[in-house]
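Biologist: Please take a close look at how the strands of this model are put together, and follow one of the sheets down to its residues. Add what one should know before reading the coordinates.

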Amino acid sequence: MLKKLAVISLTAGALVLFAPAVASAAPNELAPFAADSYTEPPKVTVDSPVVDTCEASTVVFGSGYFEPRENVAVGVSGLNAANASYSGNVANTEGGMVLSFRPPADGAGAYELAFTASRSYSALITVSEGHDAAVSCYHDPGVAPVGTELPLTGGGLELALTGGGVSPWVLGGGAVALAAGGVLIAAGATRRKRA
């Protein structure tokens, strides 16, 4: 019984302590959009091609689309386009980029985003007057609207955006379980020596 309890404690402790490292070992967020072969160009996706007023849309360029750290010029055309905002127009170290676009509060209809750098691309985003129509949205395009999440930043040790984080209580519990398993193994070994 003591052996089983020791094994269970060690296993549970190890799983709790190493789960965050395993979960963050996934490839960076742009990997699914990378090209399959050297002849196929990197992929581009628009996460929400139709948005309501004051909502944001994100355009994701796969790794290798632009030069690493390239500054990409973005032109916006559409109703009151001068009042639209965007953020994220610099490519990352792999040449991928994630740009967040927010149309103007008084905008509606089709907006074209023209990206110009080592490669060019045009994205079409349609804005409909939804439930959030207002005089001004007062939102930062880099901040996701309530109930949505932006893609991962690609910073190596990062968990998926699940709305939570790793609790210090869980990590502490894993450490205690690991220590308890070690104590139980030592106690069993001591008991065997005496017998």
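Modeller: In this predicted model, one open sheet is built from four strands in the order 2-8-7-4, with mixed pairing. Strands, like helices, are DSSP runs numbered from the N terminus, E over at least two residues for a strand and H or I over at least four for a helix; two strands pair if DSSP finds at least two bridges between them. Strand 2 (50-52) and strand 4 are the edges of this sheet; each has a single partner strand, so one side of each is left without a neighbour in the sheet. From one strand to the next the twist averages 30°, where axes are lines fitted to C-alpha atoms (for helices over the stretch in contact) and angles between N-to-C directions run from 0 to 180 degrees. Three bridges join strand 2 to strand 8 (residues 120-128) in the parallel sense, and valine 50 has threonine 126 of strand 8 as its bridge partner.

Another open sheet also has four strands, in the order 1-3-6-5, and its pairing is antiparallel. Its edges are strand 1 and strand 5 (85-87), each with a single partner strand, so one side of each lacks a neighbour in the sheet. The twist here averages 15° from one strand to the next.

Strand 3 is the part to follow. It pairs antiparallel with strand 1 (residues 44-46) over three bridges, and with strand 6 (residues 97-102), also antiparallel, over five bridges. Valine 60 of strand 3 is the bridge partner of threonine 45, and valine 60 also stands opposite valine 98 in strand 6. In a regular strand the side chains alternate between the two faces of the sheet. In strand 3, Ser57, Val59 and Phe61 point one way and Thr58 and Val60 the other. Five of the five residues are buried, so strand 3 is largely enclosed by the rest of the structure; buried means under 20% relative accessible area, exposed over 50%, and partly exposed in between, with a 1.4 Å probe and protein chains only.

Beyond it, phenylalanine 66 lies in the loop between strand 3 (57-61) and strand 4 (73-77). Its relative accessibility is 3%, so phenylalanine 66 counts as buried. Leaving out residues up to four places away in sequence, phenylalanine 66 touches Phe61, Val72, Ala91, Gly95, Met97, Phe115, Ala117, Ser118 and Arg119, contact being heavy atoms within 4.5 Å. Arginine 119 is 53 residues away along the chain, yet the two C-alpha atoms are separated by 6.4 Å.

On confidence, the chain averages a pLDDT of 76, and 67% of the residues score at least 70; pLDDT is the predictor's confidence in each residue, from 0 to 100. Over residues 29-36 pLDDT stays under 50. Where pLDDT is low, the predicted coordinates should not be read in detail.

Residues are numbered from 1 along each chain as its sequence is written, and side-chain values use heavy atoms, without hydrogens and water. Local features need pLDDT of at least 70 and side-chain atom pairs count only at pLDDT 80 or more, while totals for chains, interfaces and linings use all residues.
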